[in-house]
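Here is a short tour of a protein model with more than one chain. Keep the 3D view open as you read.

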Amino acid sequence: MLQDILVTGLVNGGVYALLAIGFSLIFGVARIVNIAHTAFYMLAAYCFYTLLVRLQLPGTLAALISVVAVTALSVLCYRLVIEPVREHESAVLIATIALALIFQELMLYAYGGNFLGIPSAVEGVLTVFGVSIPYQRLLILVVAAAMLVGTWLLLYRTRLGLAIRATANDLEVANLMGMNVHRVAMATVAISVALAAIAGVVVAPVFVVDPFMWLTPLVTMLAIVVLGGLGSLKGSLVGALIIGYVEAITVFALPQGAFLKGAMALSIMVVVLLIRPEGLFGVVFEEER
Amino acid sequence: MLRKLLVALAAAVIAPPAVAQGTVKIAVIGPMAYVQGENHWMGAELARDDINNAGGISVDGKKLKVELIRADSNEIQSVSDATNAMERVITRDKADFVVGGFRSEAVIAMQEVAMDYKKLFLGCGAADAKLGQNVEANYDRYKYWFRVTPTKSPDLGRTLFAVLGSIAGQIRADLKKDTPKVAILAEKVLWTQAIVAALQTNLPKMKMEVVGLWQPSPTATDVTAELSAIERAGADIVFTAVSGPVGIVLGRQMGERKMKAIAFGINVEAQKDGFWEATAGKGNYVSTLDTYGMVEVTPKMIPFVTEFEARFHKSPTYNAATYDAIMLLKDAIEQAGSTNADKLVPVLEGFKDHIGTSGTLTWDKLHDPVWAVGKTSGIAVQWQNGKKVPFWPPLVKGMQPFKLP
C-alpha cells in the first residue's frame, strides 16, 4: 500500500501543482483576489474541447488558440471589470465572483450540463512499483515542473517580475517610483490566466469538462496557496503535494470515507495555519520583501 | 395551520378543471439543462404528439388535447429551485398533472408541494424508497404520487443482484474463479445507501467476496486513488453506484489503466449516448442498468426507441418514460371520464400489467411498480466498441452476449 500512496500522491500532487502555479502568482504574489481564475481554466478546457473534438483541429494548434484566446479574454476582463475597482479588494472579489458565474452560466447555456471528455495528448500507461500511471498524468507532472521553473525565473530574473513583486508589496510606492501599476497588474493577470489556460488544456483530459468544473479547484487552490504561504511558489508546490498525499492516504486508509478526502486535506490546512499562521513558507516571502 | 390555510387559499384561486377548457395541461418537470430533463421533455413531446395526432383524450364524447408545460427544476443544483418550479407550474401555469423529477432529494421535496395541492405527480426519475413509503404512512395525503420509473432503490438492488449473479457465473466459467472478488464503488448519497447495505449482506451468500467499499463524493471528478486501491485488492468486478461525473472518469481511467476488472452496476452517465465520446473511447466493457434498447421487453419498446431516435437523433434514457406516464394518465382519464385527481387515483391503482414502452406496470399499495424480471426490472447494457449493447435479461428477444476484458 505504501508504494500506491507514494506514487498516487505524487501524481495527484502534480495535477494540483499545475493548477496552483497561476493562482499562486495572481493571489499569492500579486495579491489580486481573482476568484474567476479557475473559471478561465474552465473556459480554456471548453475552448480546447470545441477546437479539438468538434472542429477537429490538430491538438497543438487547438491548445495554442485556446491559451491565446482565453488570455486575451482575461486582458479584456481586466480592463473592463477589475481595473476600475482594483484599489478595493472586496470589490475585486465580488466582481470576479460575478465574472466566474457569468462564464459558468454561458457555458451551461451553450453546452448544457453534460459532462464532456477530451482525448489524451499521449496514450498509454507506465507501471511504477505495480502502480499504473497514464502518460497524460506524467505529462502533467512535466508541464507543472516547467511552469514552476518558468514562473520562478519570470519573478526573480526579469524586470517584469521585479515590478510585479514591487507592485504587490506597495502599490502607491511602486506608482511613485514611476511604474505603470495598471500595466503591471494587467500583465500579471494575463500571465496567471495563461498558466490557468495551459492547466485547462493539459489537465482537462484526465477529468471531465462541465460548467461547474471551476468550483472544486478554486477551493483546493485557495487551500494550497494559503497552506504553502502567500507569495511562495515553493510553498505552493509543497502545499499541492501535501494535499495530494493527504487525499491518497485518506482513500487508501479509509476507503469508506473516500468522500472525506477533500475535507481531510482542508483540515490539514487549518491545522498547519493554527501552528504557522503565515503558512509553511510565508516567512521566507516576508523576509524577501 | 397557517400553511394549510395558505394552501387552501391558493387552491381556491387556481384554475377550474381543464375539461371545460378543452385541454389537459401536463407539467413536465426536470433539470432541463441536463440529459435527464431533456429526456423528460422529449418523451413527453412524443406522447403529446401521439395523443393529439390521434384526436386527443376522450372524455364524455369530447376530445381533449394535451398541452405540455416545460418546467426547469434545476434540481441537480438546488432543491429549493425544484420546489419553486413545482409551486409555479401548479399555481401560475395551472397544470392539471405533473410528470418527471430526477434527483431523489429534490423529488421528495417536490412531492410535498404537489401533495399540498392534491396534484397527481407521476415520478420518472427518482429511486428513493421514501417516496412510496410516504403513501403507505399517510395515504390520504400522498395517494396522488405514483412512481413510473425507475423501481424503488431496494428493487434496483434486486435487479442488480440478478445481473451480478449472471456476470459472476460468466467469470466462474471463463476465468475459473469460484469466488469472484467484488469492489464496491458507490457515491456517498441517499439513493446508494440501501444498495450498499444489501450488497455487503448478500454478496458473500452469492459466493462473492467483497474486497472493499469506496465511497467518493457525488461531485468527485477523480478516482485515481480509489482505482489504485481497487486494482491492488485484485477485484474481478467493480460494482458501481454512481450518478455524477465520476461515472465517466471511472470508465475512462479503468480503460486507460487496462484494468482486468469489469465495471457493472448503476452508472447514469454510461446510460447516455455521449458516454463513449466523454470517455474518449476508453469506456469499453463498462456496463450498467438501463431501460431502453432495441430489444422486445414490451411490444412498444422498439417502435418507441425507433421513433425517438428518428426525431431527436439520440437514444432515450429512462427519464423518457414520461411517455408512459402521460399514456397512463390518458388511459386513466378515459376510463374515469374525468380529470379529477381523486377519481383518477383508484383507476390508476387498478391498472394491472399496463404495457408501456419501458415495461409492463402494476402498482403495489405504495404506488411503486411491482418488481418483476422482464416487466419492470429494466435491462442491463454494456459498452462494446462504441456501442451500447443490451445483454440482460437473457430471455428477452434481441439480447447479445456480455464480454469480459
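Two strands pair if DSSP finds at least two bridges between them. With that in hand, look at chain B of this predicted model.

## A three-stranded sheet in chain B

An open sheet of three strands runs in the order β11-β14-β15 in chain B, and its pairing is antiparallel. Its edge strands are β11 (287-290) and β15 (387-392) of chain B, each of which pairs on one side only. Neighbouring strands are turned by 40 degrees against each other on average, direction ignored.

β11(B) is joined to strand β14 (residues 379-384) of chain B by four bridges, and the two run antiparallel. Find Thr288(B): opposite it, in β14(B), stands Val381(B). Helix α7 (residues 153-175) of chain B packs on this sheet and touches β11, β14 and β15 of chain B. The direction of α7(B) makes about 140 degrees with that of β11(B).

## A four-stranded sheet in chain B

Now turn to a parallel case. Chain B has an open sheet of four strands, ordered β8-β7-β9-β10, with parallel pairing. β8 and β10 (262-267) of chain B are the edge strands, so named because each pairs on one side only. From one strand to the next, the twist averages 20 degrees.

Strand β7 (residues 181-186) of chain B pairs with strand β9 (residues 237-242) of chain B in the parallel sense, over five bridges. Which residue of β9(B) is the bridge partner of Leu185(B)? The partner is Thr240(B).

Helices lie across these strands. Helix α8 (residues 190-202) of chain B crosses β7, β8 and β9 of chain B, at about 165 degrees to β7(B). α10(B) lies across β7, β9 and β10 of chain B, and runs at about 160 degrees to β9(B).

## Strand β4 of chain B

In a regular strand the side chains alternate between the two faces of the sheet. Strand β4 (residues 97-100) of chain B shows two such directions: Phe97(B) and Val99(B) point one way, Val98(B) and Gly100(B) the other. Are these residues buried or exposed? All are buried.

β4(B) has parallel partners. Strand β1 (residues 23-30) of chain B pairs with β4(B) over four bridges. Strand β5 (residues 120-124) of chain B also pairs with β4(B) over four bridges. Val99(B) takes part in both pairings: Val28(B) stands opposite Val99(B), and Val99(B) stands opposite Leu122(B) in β5(B).

## Domains and the chain contact

Chain B is divided into domain 1 (2-150 + 297-361) and domain 2 (154-290 + 378-392). Their C-alpha centres lie 31 Å apart. Between them, 12 residues of domain 1 of chain B are in contact with 10 residues of domain 2 of chain B. The domain 1 side of this contact divides into five nonpolar, four polar and three charged residues.

Chain B also meets chain A: 34 residues of chain B are in contact with 32 residues of chain A. The elements of chain B that give two or more residues to its side are β8 (209-214), α9 (224-232), α10 (246-256) and α11 (275-278). α9(B) gives the most, with seven residues. On this side of chain B there are 14 nonpolar, nine polar and 11 charged residues.

## Helix α3 of chain A

Helix α3 (residues 59-82) of chain A has 24 residues, so at 1.5 Å a residue it should span 34 Å. Its end C-alpha atoms are 32 Å apart, which agrees. Buried residues in α3(A) include Ala63(A), Ser66(A), Val67(A) and Val70(A). An α-helix has 3.6 residues a turn, so residues three or four places apart point the same way. What covers the buried residues of α3(A) includes α2 (37-54), α4 (89-111) and α8 (181-203) of chain A.

## Backbone details

The table lists two residues with a positive phi that are not glycines.

| Residue | Phi | Place |
|---|---|---|
| Gln56(A) | about 60 degrees | loop between α2 and α3 of chain A |
| Lys258(B) | about 55 degrees | loop between α10 and β10 of chain B |

Why does Gln56(A) count as exposed? Gln56(A) has 8 C-beta neighbours inside 10 Å, and a residue is exposed if that count is 12 or fewer. Lys258(B) is exposed too, with 11 other C-beta atoms within 10 Å.

Cis peptide bonds come next. One joins Thr149(B) and Pro150(B), with omega about -5 degrees. Pro150(B) sits in the loop between β6 (145-149) and α7 of chain B. Another joins Trp392(B) and Pro393(B), with omega about 0 degrees. Pro393(B) lies in the segment after β15 of chain B.

Definitions and conventions
Residues are numbered from 1 along each chain as its sequence is written. Chains are lettered from A and ligands numbered from 1 in the order in which they are written. This is a predicted model: local features need pLDDT of at least 70, side-chain atom pairs count only at pLDDT 80 or more; totals for chains, interfaces and linings use all residues. Two residues are in contact if their C-beta atoms, placed from the backbone, lie within 7 Å. Ala, Val, Leu, Ile, Met, Phe, Trp, Tyr, Cys and Pro count as nonpolar, Asp, Glu, Lys and Arg as charged, and the others, Gly among them, as polar. Axes are lines fitted to C-alpha atoms, for helices over the stretch in contact, and angles run from 0 to 180 degrees between N-to-C directions. Domain bounds come from an automatic or database domain assignment. The expected span of a helix is 1.5 Å times one less than its number of residues. A residue is buried if 20 or more other C-beta atoms lie within 10 Å of its own, exposed if 12 or fewer, and partly exposed in between; C-beta atoms are placed from the backbone.
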